[in-house]
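Please open the model in your viewer and keep the sequence panel beside it, so that each selection can be followed in both. The stops below go from one group of elements to the next.

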Amino acid sequence: MRELESHDGFAWCEAVEGGQAHLRYVDLPGVREEVRKVPASRVRLAKLNHGARVWVRSTMYGWLAGEVAGHLSHGRYLVRLHAVSGDIALEEQHLLVRWNRPLVDPVAAVAVGFCDSPEYYEARYRFLDQLVHQRGVARGFTAALSAPIGLYQHQLDTAARVLADPVPRYLLADEVGLGKTIEAGLVIRQMLLDDPAAIVMVSAPAELTSQWEEELADRFLLGEEIDAGRLQLASHEQLEGYRSLGHFALVVVDEAHRTADLLDRTPALRLNLLQTNALLLLSATPMRRNHATFLDLLNLIDPVAFPRNDIEGFRERVQQREREATGLQLLSSPRTARRHRLSVLNNLELLHGTDPTVLRLVQECRSEENAASPLWSDLVNYVRETYRVSRRMVRHRRNTPATEDYPVAGRRTVFVRIDDPARPTVDAFLERYQEHLGSRASRSLYARAVLNGLGGPRALLRHLQLRLAASAGTHDFVPPNDRPLLKAAVARLQLMDTSVRLRSSLEAVQGRLDQDLKVVVVATSPDTAREFYEHATARWPGQVGRHFGGAGQSDHEEVVWDFLSASGGQVLVGDQSLEEGRNLQDAHVLVNLDLPLDPNRLEQRIGRLDRYSQRPGAAEIVVFSEPDSDWVSAHLRLLADGIGIFEQSAATLQHRLAEILDEVTQRLQQSGRHAFDFDLAELRANLEEEREEVDLLEEVESGALTSHFDQAAVVELREAEQDVAELREAFARLVGRRGGVGLHTYGDPNKSLVHFGSEIHGLPADAVDEVRPLLKRPRAYSRDAAIARRGAAPLRLGDPLVDWLAGYLQRDERGRAHAFVRLCSAVEVPTLWLHCDFLVEFDASHAQVTSEAERRRLRRRADALLPPAIVRTWTSASGYAPADLVRDVLGLPFDPGSDEVLRGELWEKVLSAFPDWQQLCQMAGETAYDTLQRSPALASAPAAAAKRAQEEVAGRLAVLRARSERLSSAAERLGAQLDLQREEALGQALERGIGKPAAIMTACGAIVLWPAS
């Protein structure tokens, strides 16, 4: 058996002689049947599998569809014809096999009698409609559709922005807790979906690689890609072992700011990252005050525009942007006084006096009295976009329009009072030790003593014992002159009850467990954490997990998963290893056994819970206070009243908080507890001012004028995702045995999940082999059900099963052409009507792209402007069908009891009524195309979409053109010029493909209305 390798018609190879294949084929339209000799290299051996689709010529007219039911000897096949009862034996020369590609001309197929039962069409078209609808509302971003995640505008827009860029190199710098991992995961999943040959690398700090693997496997369902090596994970240090990263389609580096030292000592790794095809750097480091770190990150993603050797120029650029941001904020407010507005205009004129657009807009605004005039926003938007430090950085912040619906837990602090009789001994020791040391010892030794003293008598006792046991020559060794003081403190503490804080913390946890809450307990001191863990496991056996530094990463992942997934109250005890990068947003309570001196570490600790969360209510933060202790009270006043860290996130203040820590540690040895004494009102005001300046700079720098996935698109997508009744019905019809693909499904009682059995009907053997491995994972109609069930996938485009079904239904000829006769009392003579389905979509043939991934990227951008649409027509040779006829007669489902499929002997009766059958079909098809041309999908939608595309492209080109001409350095101008050239080429293809979209007929059905009398 041989089958032609690339042919749209029906082909059969009868023999191969002397390197020539004798090919008999039937082509459409017109059914030209002939034998040709072609090189044997153009055909391939193909034994028909069980269930393979075959056609047999009818003795009356047209062709009968059937399936291979078995193999017989001497090249014969057992064939099951749908029009004949029982299987029949046929020699292979009697069979025609169509090439496995979409049917190009369904009208011609109907005209020459290559017709199926309409049950195939009815089993398929609703599901195909759903796929087109999904593609439209998701703008082609099937990664987001098919991943069990929530749909939030800032995350979808970030992924869309990266994926739409011909040079996908970006810094994702969202504030802590806003989902940089989700954004990166969407990009990763979409790239793997777009390009089956793509390989992606994710690099993270060693302690976070397992968490990344869990996120990618559970939230993005990429476990199989990890197992297959298409998605690889490595620690930062392991990246050194890669001689080249060029074979990766994408490299993602989490906590990228932590690679600075590694890159400095391994220049080859820096060069590897610079040469990657696509690069995503993830870092929550704010721009302000972090010029060196920020420049280093921007250099990795855009080395031409941001050379590392110009730190002073870059610092001045950022500082100028900070000054500019304040002015733009004033112009954006209609309440700003006119004299302030004029002052800002003067400054902009000085800063950008060589830019004619700025000069023109400034002059227009000077003469504009109305503060609400759009001229002001035109100027603000132009300067904001044209002179941004980097268009390749995306940073979102909390409490902005783009993130207002993103559920961040927040924090609610509860102070628990402790009256510890051993506290005076601790405080007295800290005072005497400070006086005794003077300026002899290093700051760090005394700061560690203070840290442990603030953690309670027991923590200080252990610390002093370890110091006294340290060997000479080590950092912790206690000199002879200091030993008596430390020994005396140890002796006094050993005579006292030092477990008050431990008991108080156990009782605090007990109260939360009684409410079935999940409680995270953290200590800066590993010994304190371990002691609490020992008492907790004895008190609550089976409810306590631990997360201590030094344990295997896989152990950490399992412990965290058990803690979060177990029912009822649970406790997770950890040391500082729990503060970095862990996602514990599903926990309810954080109990601080002690507080670190470093406010940034405390913010990281609280940030494990104060981040994205679906549960209601803020995270409860438990802090122990000791009002009778001047030391503890001074520390808490600084944190609570000065920094305000217990009220709101301080993540954007990390640089200033580091300065506060440095100032405290410098003053401790000189001032003791008074090192915590700041002018709290002044500090609070300064921090608020710093926060506002950081927010202002990042607001003006991170946003973009155009949104790739705006809020309206998200609303439309969410509304579509909430209504799954039609999807459930369409899928049930598709997988049914009657005309469907015959997958055995069963669900749970509330029908939230779909499971698949091993039984498969209605598919050829090779298709069964392809689809069976895809049936292991349960699917969900509802997104909420998929999110709630680990390992379940939404039944959407982008899921391997749904994508396979979409591809199979596109290739499979079943349902593409059908014909039947329906008795109708409303007609007096037989009447022929054609039902045609058209898919109208962006025409990508205008784009000069080199890969399928590029083509899909452009199509996604086009889908946002011109969503694909299905148009259905009912026509005859003389015109289109009246609406009431479609509603009452033509549009009714096929009824096997009264309707009759047009095949076999019925053709004689029909052809006698329509001797010009082929001509009538052709004319009705032409009328269908005419009707399509008048439909909104072609008559008005493309023109409106093309206008939007033209405006969008023009806006982007204007900004890029201005950047390429007005940026300060030659390197920056060159980078902008390259961006401009790429955008011009893509913009032209976008406008042409939208203005003249492709219109493809996907199915055609003939209905012969026959007089009922």
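## First stop: an antiparallel group

Select strand β25 (residues 779-780) together with β24, and you will find the two paired in the antiparallel sense over two bridges. This is a predicted model, and everything on the tour should be read with that in mind. To place the pairing at the level of residues, pick Leu753, whose bridge partner in β25 is Ala780. Now add strand β23 (residues 743-747), which is joined to strand β24 (residues 753-760) by four bridges and also runs antiparallel to it. Within that pairing, Gly747 has Val754 of β24 as its bridge partner.

## The whole chain

Before the next selection, zoom out to the full protein, which has 37 helices and 32 strands. Of its 1013 residues, 56% count as buried. Among the contacts with a separation of 6 or more, 75% are between residues 24 or more positions apart. If you colour the cysteines, you will see no linked pair, as the structure holds zero disulfides. Two cysteines can be picked out here: Cys365 counts as buried because its relative accessibility is 0%, and Cys824 is buried as well, with a relative accessible area of 5%.

## A six-stranded parallel sheet

Next, select the open sheet whose six strands follow the order β13-β12-β14-β15-β11-β16, with parallel pairing. Its edge strands are β13 (231-235) and β16 (393-394), each of which pairs on one side only. At the β16 edge, strand β11 (residues 169-172) runs parallel to β16 and is joined to it by two bridges. Leu172 marks the spot, since its bridge partner in β16 is Val394.

Keep these strands displayed and add helix α4 (residues 153-164), which packs on the sheet and touches β11, β15 (279-282) and β16, its direction making about 160 degrees with that of β11. Helix α10 (residues 291-301) can then be shown too, lying across β11, β15 and β16 and running at about 150 degrees to β11.

## A buried strand

Which strand should be selected to see seven of seven residues buried? The selection is strand β22 (residues 619-625), which is largely enclosed by the rest of the structure because seven of its seven residues are buried. Show the side chains and look along the strand: Ala619, Ile621, Val623 and Ser625 point one way, whereas Glu620, Val622 and Phe624 point the other way, and all of them are buried. Such a pattern has a general background, in that the side chains of a regular strand alternate between the two faces of the sheet.

Now bring in the neighbours of β22. Strand β17 (residues 411-417) pairs with β22 in the parallel sense over seven bridges, and strand β21 (residues 589-592) is joined to β22 by three bridges, also running parallel. Ile621 is a useful residue to centre on, being the bridge partner in β22 of Thr413 and also of Leu590.

## Gln570 and its surroundings

Move on to Gln570, which lies in strand β20 (residues 570-574). Is Gln570 buried or exposed? Its relative accessible area is 9%, and Gln570 is therefore buried, the cut-off being under 20%. Leaving aside residues up to four places away in sequence, Gln570 touches Leu513, Leu517, Lys518, Val519, Gly542, Gln543 and Phe563.

## Two helix crossings at α16

For the last stop, select helix α16 (residues 443-454) and helix α23 (residues 630-643), which pack at an angle of about 95 degrees with their axes 10 Å apart. The two helices are therefore roughly perpendicular to each other. Display Tyr446, Val450 and Leu454 of α16 and Trp631, Val632 and His635 of α23, as these residues make the contact. By class, the contact of α16 with α23 has five nonpolar, one polar and no charged residues.

Then exchange α23 for helix α24 (residues 654-671), whose axis comes within 9 Å of that of α16 and crosses it at roughly 95 degrees. This crossing makes α16 roughly perpendicular to α24. Here Arg443, Tyr446, Ala447 and Val450 in α16 meet Asp662, Thr665, Gln666, Leu668 and Gln669 in α24. By class, the contact of α16 with α24 has four nonpolar, three polar and two charged residues.

Note on methods
Residues are numbered from 1 along each chain as its sequence is written. This is a predicted model: local features need pLDDT of at least 70, side-chain atom pairs count only at pLDDT 80 or more; totals for chains, interfaces and linings use all residues. Side-chain values use heavy atoms; hydrogens and water are left out. A disulfide is a pair of cysteine sulfur atoms within 2.5 Å. Buried means under 20% relative accessible area, exposed over 50%, partly exposed in between (1.4 Å probe, protein chains only). Two strands pair if DSSP finds at least two bridges between them. Contact means heavy atoms within 4.5 Å. Axes are lines fitted to C-alpha atoms, for helices over the stretch in contact, and angles run from 0 to 180 degrees between N-to-C directions. Angles under 35 degrees count as roughly parallel, over 145 as roughly antiparallel, 65 to 115 as roughly perpendicular and the rest as oblique. Ala, Val, Leu, Ile, Met, Phe, Trp, Tyr, Cys and Pro count as nonpolar, Asp, Glu, Lys and Arg as charged, and the others, Gly among them, as polar.
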